[in-house]
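I opened the notebook to look up charged side-chain pairs in this model. The entries below follow the order in which I checked them.

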Amino acid sequence: MAIHRHKDHPHESTASHIDFPGVLNRYQRGLLYGGGIITSIVLAFVTGVVLYSLVKDYIAERYAEFVLHDTLLQLELRIRDSGFRASIAHEEAVWGSRPVPERSFIDSFSENGGRIVLQRNGRFAPMLVLGDITARNTVDALTPYLAMSKEFSSWVGAYAQELGYERLGYFYAYSPDRSFVAFMPAPRNGTPIESSHATSVHDLLDHVAPDLGDLSDPTTIARLRTDPHPVWQPPSPGLLLEGPVIRMSQAAFFDGKPVVVFANNFPVGVLEAMLPVGQYDAVSLVLDRQGHIFASTDSNAGDQDSLTNRIRRSNAWNNETGKIQLRFHDGLFVISNRLKITDWTLIYAFSWRTIVVELWPKLAGYCVALLLLIGILWSVLLLLDRKIFTPGYLRSQRVFESEELNRTIISTTPFGLTLLSLDSGDVLLENDVMRAYEANSSPSDVPLHVQMINHFKKATRKPPGQAHLEIPLKLKDGSVCDLEVGLVATKYQGADALLCNFSDITARKAIERTLQEARIAADAANQAKSVFFAMMSHEIRTPLNAILGNLELMARLPLPEHQSDYLHSVTTSSKVLLAIINDILDFSKIESGQLNIEVIRFDLVEVIEQTCAIFAPVAGEKGLQFERMVDDGLAAHYLGDPNRIRQIVANLFSNAIKFTAAGKVMIELYREDDTRDDSPIVIDVSDTGIGMTPEQQKGLFQTFSQADSSIARRYGGTGLGLSLCKRLTELMGGRIEIRSVPNEGSTFAVTLPLKADRSEATARPDQEPDVQLSVSGEVPTIEILVAEDNPANRALMTAQLGALGYRANVVNSGSAAVARFAERSYDMVLTDLNMPGMDGYALAETLRLQGTGVPIVAITAHAGDDERRRCDKAGIDAVLIKPALLDEIDRTIRQLIDKAKTARRPAVVWDVAQGPLPEDVHSALAHSTHRSIAAVSSALQSGDRKVVMTHLHSLRGSFAVIHETELADMCRTMEELARNNEMIPISDMLKSFEILAEAVLQKRRTNPAATGFEEKL
């Protein structure tokens, strides 16, 4: 059998009276159809909620529509009310003080039988003036009204022009005794008296004027004087206008008596146009307290069962609260509000039929969707039951019928299975895979099942299972396979047992080793990228050095104004290019972990002031205010990296000025917590520029990212500056934050945990004393030896040094510089580092070995930490980074020359190009050669290419210094092999190099009797 038993065990029950598959099937079907019912109920409930929301939203829309029309109607009534009140106030103020009209005007009125048309302004409609001239009511008695009519025509004309004549209707003023009236506008078809067949003005006003009561009755007078608003009367047939009109009137009083009545008849349609638009089975209307209809959109208002009459019969419209109310009454939704100036109520009513008619497409759509979903749901459930659960039940029955089939399946699994006794460690059960691996294991190795149980027992805690254990298994042929083992504690026949399974992961482990090798290769590629950046920096900076240097020299020449402008533009663009190169190189150093942060003593305020001094003129050119605020509580000195802080602030200044067209740029320097001596320092740079949205701020500090795609087009830039600021800030243990509002400006806050240095004041490490040297008069001219292989840079250095007043002697290689230096004395040596043949390092080492103490300055396009360490080791005093401008060159020369004055010169000078070497030089060279050869041998075995290249480069420089070109060339060849990752040929060449190096060093000894690398001991 495939599964072997190693101990006898009782027979197990093979059947049960319980139909487990049947129980499981019923349980599954219950879950299936029960879930379908619950899901259907949930779908119906959700659809109901959606339908309820639709109805609720529709009612809310009608409510909002009512509010809008209510506001318009209230505004219309207020406009008319205000016009009336202004007319009354004006007339009560001027009545009795008007001058008598011209006699010609009175005579014209009298001659026309008490009729005249006034139009004092051609922009306004004419006004008709009528009066009853009788023996008792003479023209002179109507004189005050004629005087009023002249003013009336002007201000009512302006009011009508603003309101609109169609909305105005007819505005008129008449005397309390109804013997005088003035109409605005004048009727077009004859006089109203003629059209109405009236016999007098009094008779005409009985037809058109509203009834205010007896104006001689004290009770009526008291009522009219108490109410500040006009009297509104229900619609009635209009004499001057077609259709029903609404009448409003108000009397003006003088000495307690009514002197004139103002009235306005306007069409009902003016109000009806402002009512909510009627939907199906919906109506809008305006009622007074007595239920009189002032306006309505119901065309069937006369029917007893119309919506208008249903609303009037109900009490739902009666709103005395002064607020908009929504009620449901008698199958109607009624929205009402009291119109404050009048005693009217605006009402909008609609029924369920309105909602159904308006929403039936959506309601029907959701109902159909519900039925469709429920249909699909139950179709799927029935399909599942038929296609999955019923066949599954039949399969379960077949599974339960044969336990032997299960054993066969287990025995043929592709991974190993075994059951071990935890007490004795014996194998209780195992399959063929387990037996095969144990049979193929090495007899000298611990058996596989023993290793498994030992792993489980060694665990400090006894978990129920252990997974992903890796066990190496030594095979008979001497190879090793890797197994991934899972261990589970269980019970077997009442005893503790350990169920073990394993799979062969030898292939996977091989893949992991391959991935590890790929990672090493990726690291090498990353190192190559860093080398590429350094090379590109050198190649770009070399021509850029010539460009900026010559531009600076040209700036010293007297040029025409337009040429100076061209020169300024080119210089500015070149400096921008230099800044981009610097940012990219710094970012590359950060990415590769090669950028180090200095911790030196410096004056923080001075660093900020120096940076401000650079950018203040730039801000001034744009017309920006440049402000600075410094906390008085700052310490005099801090410990940190002033150059990186200056770089961060300069980037923030540059951005602030770039994105600010008007306003100001400000920097604030203060302590985050002014109550603590060790408080972090905050540098705020704010502007009033274009600002940013929160979405734009999210990706602001990402590499090569800007606020949006239009920024680069409008303002330029690489999107690297802020990312570099963030990286530098984090390298110093700080943080950078932004606060910005679009079109208002931005503030960048840099918080740095700088430690205050409260020791005694000493000279700052980064500040050298000013050197006052003269290049004329009594002080001799300073002569400088320049080694540079690039012709353009040689010409530039000659011009730059000449412009500064120094005398330059230029050569094109390091070996030429050594020869020239031996011919005459120089005050300084200025050398490029990367030259063919003898480079700048070898030149400096050679000169120092010869005993010279003159200052040596390296000028290079790239100077990382490794390069600077090599410069220090070679004896180079200072490093200038291309492009080096005049001020920086002059300052460096002056500082080093001043130091060299007090330096002690060596008394003995050796010629290391030939003959014996000085004893100490020979000893140091022999020791370093032995050490480097040993390091290269060890690195070749471990595959560390970087160490190989570093020591070979060092050996090449050492032997190039003493002019042993054959050894230097061998080192160069091995370097090239290492760079191409060809390590095997280096081992053979290194042996030949070691033999030749021993012979050369023996020949160059001052004591030839010694042999070999004695000094190495």
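Entry 1, terms. I count a salt bridge when a side-chain nitrogen of Lys or Arg lies within 4 Å of a carboxyl oxygen of Asp or Glu. The model is predicted, so I take local features only at pLDDT of at least 70 and side-chain atom pairs only at pLDDT 80 or more, while totals for chains, interfaces and linings use all residues. Residues are numbered from 1 along each chain as its sequence is written, and side-chain values use heavy atoms, with hydrogens and water left out.

Entry 2, the total. How many salt bridges does this rule give? I get 33 salt bridges.

Entry 3, Glu470 and Lys509. I looked up this pair and found a salt bridge between the two side chains, at 3.1 Å from N to O. Glu470 sits in strand E16 (residues 465-474) and Lys509 in helix H14 (residues 506-555), so the pair ties together parts 39 residues apart in sequence. Helices (H or I, at least four residues) and strands (E, at least two) are DSSP runs, numbered from the N terminus. For burial I use relative accessible area: buried is under 20%, exposed is over 50%, and partly exposed is in between, with a 1.4 Å probe and protein chains only. Glu470 is partly exposed at 40%, whereas Lys509 is buried at 17%.

Entry 4, Asp678 and Arg676. I noted a salt bridge here, with the closest N and O atoms 3.2 Å apart. Asp678 is exposed, at 57% relative accessible area, and Arg676 is partly exposed, at 35%.

Entry 5, Asp684 and Arg739. Their closest N and O atoms are 3.8 Å apart, and I list the pair as a salt bridge. Why does this pair tie together parts that are 55 residues apart in sequence? Asp684 belongs to strand E23 (residues 681-687) and Arg739 to strand E24 (residues 735-741), so the link runs between these two strands. Asp684 is buried, with a relative accessible area of 4%; Arg739 is partly exposed, at 48%.

Entry 6, shared partners. I traced one network, in which salt bridges with partners in common join Glu470, Glu484, Arg508, Lys509 and Glu512.

Entry 7, the whole chain. I record 29 helices and 31 strands for the protein chain. Of its 1017 residues, 45% are buried. I took contact to mean heavy atoms within 4.5 Å. Among contacts between residues at least 6 apart in sequence, 65% join residues at least 24 apart.
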